[in-house]
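Biologist: I would love a close look at one part of this model, taken step by step for someone in their first year. Could you pick a spot and then walk me outward from there?

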Amino acid sequence: MATVTKPQEERGAVVPDALVHEFGALLSAASALERIAGRELERRCGIRHAVFEVLLKLSRPGEGPLTMGDLAADLILTSGGMTRIVDRMEDAGFVRRTQAPGDRRRQLVELTPAGRAKLDEALRVHAETLREHFAGPLPDEQRRVLVDALRTLRATARAELGALH
């Protein structure tokens, strides 16, 4: 008598979908590249990746100082996490905090000249790192296709999620 086996799905086993593996490859690559970038910023500039992100946010032309709340929301951090980062950045001389006009409960954060200099140094290091580890392995056309696809994914995800504030 021949034994009849049930398909994997009926036996309770999970049949992985190719999309799960493709999405895993995206997340794995992004995570590894972020770790490499963070490692190089720490090793060569003495700052963590989160500090670099704050310096970038504060350097946008025409925006002026930002509130702690705006920074925390933009970087998807808790207010406590943002406070710890800004405390360290202020101790290092990279930022200065002032009270918002008309609202003593809100603090504004702005770059100092030392913060601008650190950002300039970090941007050079970050660009070198990205040239080697992001752009280097991919031909120009393949990178353009990837970036276009990622922009599409970002736009559709943001439309689905709405404002993250």
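Modeller: Let's start in the loop between helix 3 (68-74) and helix 4 (79-91), where we find Ile-76. Do keep in mind as we go that this is a predicted model. The backbone at Ile-76 has a phi near 55 degrees, a positive value in a residue other than glycine. Is Ile-76 buried or exposed? Its relative accessible area is 64%, and because exposed means over 50%, Ile-76 counts as exposed.

Now step from the loop into helix 4 and see what it packs against. One partner is helix 2 (residues 49-58): the two axes are 11 Å apart, and the helices pack at an angle of about 85 degrees. How should we describe that angle in words? Values of 65 to 115 degrees count as roughly perpendicular, so helix 2 and helix 4 are roughly perpendicular to each other. If you zoom in on this contact, you will find Ala-50, Val-51, Val-54 and Leu-55 on the helix 2 side, meeting Met-82, Ile-85 and Met-89 of helix 4. Sorted by class, this contact of helix 2 with helix 4 holds 7 nonpolar residues, with no polar and no charged ones.

Helix 4 also packs on a sheet, so let's turn there next. This is an open sheet of 3 strands in the order 1-3-2, with antiparallel pairing. Strand 1 (66-67) and strand 2 (95-100) are the edge strands, each pairing on one side only. Helix 4 touches strand 2 and strand 3, and its direction makes about 120 degrees with that of strand 2. Strand 1 and strand 3 (residues 103-111) run antiparallel and are joined by 2 bridges. You can look for Leu-66, whose bridge partner in strand 3 is Val-109.

Finally, come back to helix 2, which has another neighbour in helix 5 (residues 113-135): their axes come within 10 Å and cross at roughly 115 degrees. The crossing of helix 2 with helix 5 is left-handed. From helix 2, the residues making this contact are His-49, Phe-52, Leu-55 and Leu-56, while helix 5 brings Gly-115, Lys-118, Leu-119, Ala-122, Leu-123 and His-126. By class, the contact of helix 2 with helix 5 has 6 nonpolar, 3 polar and 1 charged residues. Here is a nice detail to find on your screen: Leu-55 takes part in the contact with helix 4 and also in the one with helix 5.

Methods. Residues are numbered from 1 along each chain as its sequence is written. This is a predicted model: local features need pLDDT of at least 70, side-chain atom pairs count only at pLDDT 80 or more; totals for chains, interfaces and linings use all residues. Side-chain values use heavy atoms; hydrogens and water are left out. Helices (H or I, at least four residues) and strands (E, at least two) are DSSP runs, numbered from the N terminus. Buried means under 20% relative accessible area, exposed over 50%, partly exposed in between (1.4 Å probe, protein chains only). Axes are lines fitted to C-alpha atoms, for helices over the stretch in contact, and angles run from 0 to 180 degrees between N-to-C directions. Angles under 35 degrees count as roughly parallel, over 145 as roughly antiparallel, 65 to 115 as roughly perpendicular and the rest as oblique. Contact means heavy atoms within 4.5 Å. Ala, Val, Leu, Ile, Met, Phe, Trp, Tyr, Cys and Pro count as nonpolar, Asp, Glu, Lys and Arg as charged, and the others, Gly among them, as polar. A crossing is left-handed if the near helix is turned anticlockwise from the far one by less than a right angle, and right-handed if clockwise. Two strands pair if DSSP finds at least two bridges between them.
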